[in-house]
There are 4 protein chains.
Amino acid sequence: MISHDHLVKIYYKDVDQMGIVYYSRYLEYFEASRTELLASIGLGVTDIEKNGIILPVISSHCEYSRGAKFEQKITVRSKISSIPRSRLHIDYYVFLNNEREILVSGYTEHAFINDKGVAVRAPKMILDCFRQEGLVAIGK
Amino acid sequence: MISHDHLVKIYYKDVDQMGIVYYSRYLEYFEASRTELLASIGLGVTDIEKNGIILPVISSHCEYSRGAKFEQKITVRSKISSIPRSRLHIDYYVFLNNEREILVSGYTEHAFINDKGVAVRAPKMILDCFRQEGLVAIGK
Amino acid sequence: MISHDHLVKIYYKDVDQMGIVYYSRYLEYFEASRTELLASIGLGVTDIEKNGIILPVISSHCEYSRGAKFEQKITVRSKISSIPRSRLHIDYYVFLNNEREILVSGYTEHAFINDKGVAVRAPKMILDCFRQEGLVAIGK
Amino acid sequence: MISHDHLVKIYYKDVDQMGIVYYSRYLEYFEASRTELLASIGLGVTDIEKNGIILPVISSHCEYSRGAKFEQKITVRSKISSIPRSRLHIDYYVFLNNEREILVSGYTEHAFINDKGVAVRAPKMILDCFRQEGLVAIGK
């Protein structure tokens, strides 16, 4: 399993008139966390794109238990548990720094699309990076 | 079933460097569509809040089939199929105007939270509006 | 002078914990209004870009007098007063529908950048559209 | 003069189809930088608000010279040069880390609004913090 903790501080831009983070903002935090997760194993998204592969999101899911508030610091943990074949599944867990309670959890799934716009299997450059981290292939 | 079609035009603010709408923006479109859906049956969100009830999102889900592009006009259809007991489930379907292909679909679920911060059953003012539209209660 | 009124309804996504529209959102409304202003005189931004010209913003300015609130409907008026030479200046005025008080005003300035990334004078296709509307060239 | 450097990394959420940061996003970066600037001299925005004062933006200005790109790291420097009387003026300078060229510069101005919604002079708790940093009062 590969895991990365990305720290985010909440600003006015994120918070709605209920005084909690607006629900779509977590998808932005997820993106930042997964970009850093991939970078941490040598997979810069810019590099992947230079190799002619893009990773569009094909599904997203969020469960909101408790809302983060202005000036709070949160950890956005992203996790990849297995080697992708045709799609990459990433899980997310959001909690306040120094606390265990999960505020928000969710996942995203990504396709591998080549420069002809066709969905393909995970390219070797990506699989190699995952294998180096000890991940094994399961599922579809 | 209650249904509402909300029209959205795509601008630069919505579109990422892949040339398609960034994935979190659909949650913003969903919010606009459901706000208009509720208003269309006499449930202004501001009115609901004046009655001491807020409707925070407790889960969201999106399936992204094809990305909308700059200057395209899309329909964001929201649907409520049954009377909520403790949570309100709303489905969404996004398609290009004048086309049938669904670009994105998804749902949100909402709790009813009173002014003490406690989750409650759907208040009478809300149930009455749904009943007037012919909805029946099912599920939890 | 060319003018266009673009209608916007305020949703939760726009409003911060002061209960008013977050200040950067007006720049998004400005973009929607100017895109429709240009379209109304036959200048679709997508068409301009197909001709190898992009119109990046080189300056923006906003004066905030009073904040719009959730579920209010606002008019975002954009105006072009003269034919651009090397830059396009657009003014904006935001007010509640059916009211005269201006909530927010501002402007943006845009360069004309060709497909080599070089700033150029306003292309003929753009000038022709402005001339048809009776605008005359002034200033730099 | 008080100055603070806030680091931001650019993600997909920020970048438009020109491949550069969308122009309203800089106002979000400005907010994060000034929040940290104020916190660095003991003025947490949450604390200020608990004292019954809010600091709404009354004007914003940006000059865009060059656009930041996906996965670039930028510094958002905020500066306060004098003690505010009735309004707080903050300047911003955005540059790539390790480079001197300024990509974007701008300013915001803020009123001091009390809990009755009335604009007031800068409260003592705020002036004291600025004086401790050696700032002197000038201007209106």
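This report covers strand pairing in chain A and its contacts with chains B and C in a predicted model.

## Strand E3 of chain A

Strand E3 of chain A spans residues 73-80. This strand has two faces. A:Ile74, A:Val76, A:Ser78 and A:Ile80 make up the covered face. A:Lys73, A:Thr75, A:Arg77 and A:Lys79 make up the uncovered one.

## Partners of E3(A)

Strand E1 of chain A, residues 2-9, pairs with E3(A). The two are antiparallel, with eight bridges. In this pairing A:Leu7 sits opposite A:Thr75, a residue of the uncovered face.

Strand E4 of chain A, residues 87-96, also runs antiparallel to E3(A). Six bridges join them. Here A:Ile74 stands opposite A:Leu96, and A:Ile74 belongs to the covered face. E3(A) and E4(A) form a hairpin, with six residues between them.

## Chain A against chain B

Chain A and chain B each give 15 residues to their contact. On the chain A side, helix H1 (25-40) and strand E2 (57-64) each supply at least two residues. E2(A) gives the most, with eight residues. By class, the chain A side has nine nonpolar, four polar and two charged residues.

Strands also pair across these chains. E2(A) and strand E2 of chain B, residues 57-64, are antiparallel and share five bridges. A:Ser59 faces B:Glu63 in E2(B).

## Chain A against chain C

The contact between chain A and chain C takes nine residues from each chain. The chain A side comprises four nonpolar, three polar and two charged residues.

Note on methods: Residues are numbered from 1 along each chain as its sequence is written. Chains are lettered from A and ligands numbered from 1 in the order in which they are written. This is a predicted model: local features need pLDDT of at least 70, side-chain atom pairs count only at pLDDT 80 or more; totals for chains, interfaces and linings use all residues. Two residues are in contact if their C-beta atoms, placed from the backbone, lie within 7 Å. Ala, Val, Leu, Ile, Met, Phe, Trp, Tyr, Cys and Pro count as nonpolar, Asp, Glu, Lys and Arg as charged, and the others, Gly among them, as polar. A residue is buried if 20 or more other C-beta atoms lie within 10 Å of its own, exposed if 12 or fewer, and partly exposed in between; C-beta atoms are placed from the backbone. Helices (H or I, at least four residues) and strands (E, at least two) are DSSP runs, numbered from the N terminus. Two strands pair if DSSP finds at least two bridges between them.
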